[in-house]
Amino acid sequence: MAPQQILTLRKGIVEEQVSSSFYLVKDIFTDDLISVTISAREHIGGLTFSVGETIYIIVSLYDLKRGRFYSNHQARGINIDFEAIKRQLDNGIDPLNLDKD
């Protein structure tokens with residue numbers, strides 16, 4: 001039996017910068033606030049976001065309120081096609097609600 005996918009990608013708009021590596025992001029589909037962190041490497045590298053900026057977040061299906069910033073180099077080694085999910089989000093399709101009509 002294949003393992004179930006427990007990570008997914010969400011798209012959101014930065015609402016507030018709480019600290020230098022911690023943001024509150026509003027999910028564009030559900031309007032929920034997601035607590036987002038960036039990795040230490042990205043923080044040291046100077047990565048910051050502005051309020052109103054659109055970003056992608058990796059979240060667990062078990063807790064959709066916390067996540068981490070998605071970048072292509074971080075997703076290496078994970079057997080999930082985040083690029084396909086990203087294309088769905090860019091086309092306005094919520095991958096968590098595909099079976100609802």
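Q: Buried means under 20% relative accessible area; what share of the 101 residues of the protein count as buried by that rule?
A: In this predicted model, 33% of the 101 residues fall under that cut-off and count as buried.

Q: What makes tyrosine 62 exposed rather than buried?
A: Exposed means over 50% relative accessible area. Tyrosine 62 comes in at 69%, so it goes in the exposed group. You'll find this residue in the loop between strand 4 and strand 5.

Q: Why do we say that strand 4 and strand 5 pair?
A: Pairing takes at least two bridges. Strand 4 (residues 54-60) and strand 5 (residues 63-69) have 4 bridges between them, so they make the grade. The pairing runs in the antiparallel sense. Want one bridge to look for? Isoleucine 58 has arginine 68 in strand 5 as its bridge partner.

Q: Where do those two strands sit in the bigger picture, and in what order do the strands of the barrel run?
A: They belong to a closed barrel of 5 strands, running 1-2-3-5-4, with mixed pairing. From one strand to the next, the twist averages 50 degrees. Helix 2 (residues 82-90) packs on the sheet and touches strand 1 (7-19) and strand 4, its direction making about 70 degrees with that of strand 1.

Q: How many helices and strands does the protein have, and what pattern do they follow along the sequence?
A: There are 2 helices and 5 strands. Read along the sequence, they go β-β-β-α-β-β-α.

Q: What makes the pair serine 60 and tyrosine 62 a polar contact?
A: The limit is 3.5 Å between N or O atoms. A polar atom of the serine 60 side chain lies 3.1 Å from the backbone nitrogen of tyrosine 62, so the distance is within that limit. Serine 60 itself is in strand 4.

Q: Which residues does serine 60 touch, leaving aside those up to four places away in sequence?
A: Ile6, Leu7 and Arg66. To be called a contact, heavy atoms must be within 4.5 Å. Leu7 turns up again with tyrosine 62: the C-alpha atoms of tyrosine 62 and leucine 7 are 8.7 Å apart, although 55 residues separate the two along the chain.

Q: Among contacts between residues at least 6 apart in sequence, what share join residues at least 24 apart?
A: That share is 54%.

Q: How much accessible surface does the protein have, and what part of it belongs to carbon and sulfur atoms?
A: It comes to about 6,500 Å², and 50% of that belongs to carbon and sulfur.

Methods
Residues are numbered from 1 along each chain as its sequence is written. This is a predicted model: local features need pLDDT of at least 70, side-chain atom pairs count only at pLDDT 80 or more; totals for chains, interfaces and linings use all residues. Side-chain values use heavy atoms; hydrogens and water are left out. Axes are lines fitted to C-alpha atoms, for helices over the stretch in contact, and angles run from 0 to 180 degrees between N-to-C directions. Buried means under 20% relative accessible area, exposed over 50%, partly exposed in between (1.4 Å probe, protein chains only). Accessible areas come from the Shrake-Rupley method with a 1.4 Å probe; for residues, only the protein chains shown count as cover. A polar contact is a pair of N or O atoms within 3.5 Å; within protein, one must be able to donate a hydrogen and the other to accept it, and residues adjacent in sequence count only if both atoms are side-chain atoms.
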